[in-house]
Amino acid sequence: CRKDGKMPPINDKVDLDGGKLLDSSLIVPSHYLLSAAIPNPAAADLAKPVIITVHGYTACNFEWTEFRDWAKGYNDFHVSLVLMGAHGRDYVTFRSSSWEDWQAPIIDEYNKLRALGYQKISFVASSTGCPLVLEMITANKINADVLKHVFFIDPIVIASNKELSLVPVLGAFIPYTTTSLDAGENGYWYKYRPEQSLKQLEKFCRKARKELEKGLTLPSGVTLKVYKSTSDGSADPASAVMLNKGVKLSNGDNIDVVMVNSSLHVFTRLHGRASFSSSDTELQLQTFAEIHSSL
């Protein structure tokens, strides 16, 4: 019913999937990663808090450039934009990747910044980036001694599209699915989702749910705040409920969960969208300010 390895109708001039529109961080990493921008930080740099941003499945660090640009209006913290592994390159690379591949650069940047001497590191993650960050923390893949705050924007633990759970079966017949993008999103998101990567996403979300059902405890001194859109076409609001029930602070207290009035997935990203309202802009800026004030 299908041909293994069948390629979608990729337009190299427009689609990120084609491999000719590489993510800019692969060309000039110093414009995105703090570890590359300041390889020899001074004491004044090390004294400032750092926020590492993590994007979602099929996206790239374009998802957090607005936050980085907003942060330039302040001089009291750093922002480092991580590109998840196998992202921002081409369809074939994405197709052959695992969720561990996606996670690896997040761990790498944290370890580099910690080794450089930064003492106050936090994460701001969106969508699939959220459970990837949670897993690396609770599985002790990083030393959390300098980790301070974690912020999740529209985390996906339960997908809004229930067909994701059928991917292990449907993948035998459908080599890829196609995502509709607004014109301004072309070149920044994968348009085609290989069934192999969808299987990885389904597998990882299932793993995340099982761990949350067992219960997870954050390291001492680490906080977690979850922001979740009330109506989201990608991440079911029940994801926030599972996180609220399944994650505790080290002292046993509940994490902070905020439901926001939005229908946008990753409501903090407005660039590239065909349209958004003044309320969307207000919510975005309010959330940025709340994250900043928490540092």
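1. Let me start with Thr 65. Setting aside neighbours within four places in sequence, Thr 65 is in contact with Tyr 32 and Leu 81. Thr 65 belongs to helix 4, which covers residues 65-71. Its relative accessibility is 9%, and because buried means under 20%, Thr 65 counts as buried. Please keep in mind throughout that this is a predicted model.

2. Now to the sheet. It is an open sheet of 6 strands, with the order 2-1-3-4-8-10 and parallel pairing. Strand 2 (78-82) and strand 10 (256-260) are the edge strands, each pairing on one side only. From one strand to the next, the twist averages 15°. As general background, strands of a sheet pair through backbone hydrogen bonds, in either a parallel or an antiparallel way.

3. A word on helix 11, residues 278-294, is useful here. This helix packs on the sheet and touches strand 1 (50-54), strand 3, strand 4, strand 8 (223-229) and strand 10. The direction of helix 11 makes about 165° with that of strand 4. Angles over 145 degrees count as roughly antiparallel, so helix 11 runs roughly antiparallel to strand 4.

4. The pairing of strand 3 with strand 4 is worth a look in your viewer. Strand 3 spans residues 121-126 and strand 4 spans residues 147-153; they pair in the parallel sense over 5 bridges. Within this pairing, Ala 125 stands opposite Phe 152 of strand 4.

5. Next comes the other partner of strand 4. Strand 4 and strand 8 run parallel and are joined by 5 bridges. For a residue to check, take His 149, whose bridge partner in strand 8 is Thr 223.

6. Strand 8 deserves its own point. It is mostly covered, with 6 of its 7 residues buried. Strand 8 is also joined to strand 10 by 5 bridges, and these two run parallel. Here Lys 225 stands opposite Asp 256 in strand 10.

7. Turning to the helix pairs, I would begin with helix 7 (residues 129-138) and helix 9. They pack at an angle of about 55°, and their axes are 11 Å apart. Helix 7 and helix 9 are therefore oblique to each other, since about 55° falls outside the ranges for roughly parallel (under 35 degrees) and roughly perpendicular (65 to 115). Helix 7 passes helix 9 in a left-handed crossing.

8. Which residues in helix 7 and helix 9 meet? From helix 7 there are Pro 131, Leu 132, Leu 134 and Glu 135, and from helix 9 there are Phe 204, Lys 207, Ala 208, Glu 211 and Leu 212. Sorted by character, the residues of this contact comprise 6 nonpolar, no polar and 3 charged.

9. Helix 9 (residues 195-214) also packs with helix 10 (residues 238-246), at an angle of about 40° and with axes 8 Å apart. That angle makes helix 9 oblique to helix 10. The crossing of helix 9 with helix 10 is left-handed.

10. Finally, the residues behind that packing. Arg 209, Leu 212 and Glu 213 of helix 9 make the contact with Met 242, Leu 243 and Gly 246 of helix 10. Their division is 3 nonpolar, 1 polar and 2 charged. You will recognise Leu 212 from point 8: it is listed in the contact with helix 7 and again in the contact with helix 10.

Notes
Residues numbered from 1 in each chain as written. Predicted model: local features only at pLDDT ≥ 70, side-chain atom pairs only at ≥ 80, totals over all residues. Heavy atoms only, no water. Pairing = 2+ DSSP bridges. Helix = DSSP H or I, 4+ residues; strand = E, 2+ residues; numbered from the N terminus. Axes fitted to C-alpha atoms, helices over the stretch in contact; angles between N-to-C directions. Contact = heavy atoms within 4.5 Å. Left-handed = near helix turned anticlockwise from the far one by under 90°. Nonpolar A, V, L, I, M, F, W, Y, C, P; charged D, E, K, R; others polar. Buried < 20%, exposed > 50% of the residue type's maximum accessible area, 1.4 Å probe, protein only.
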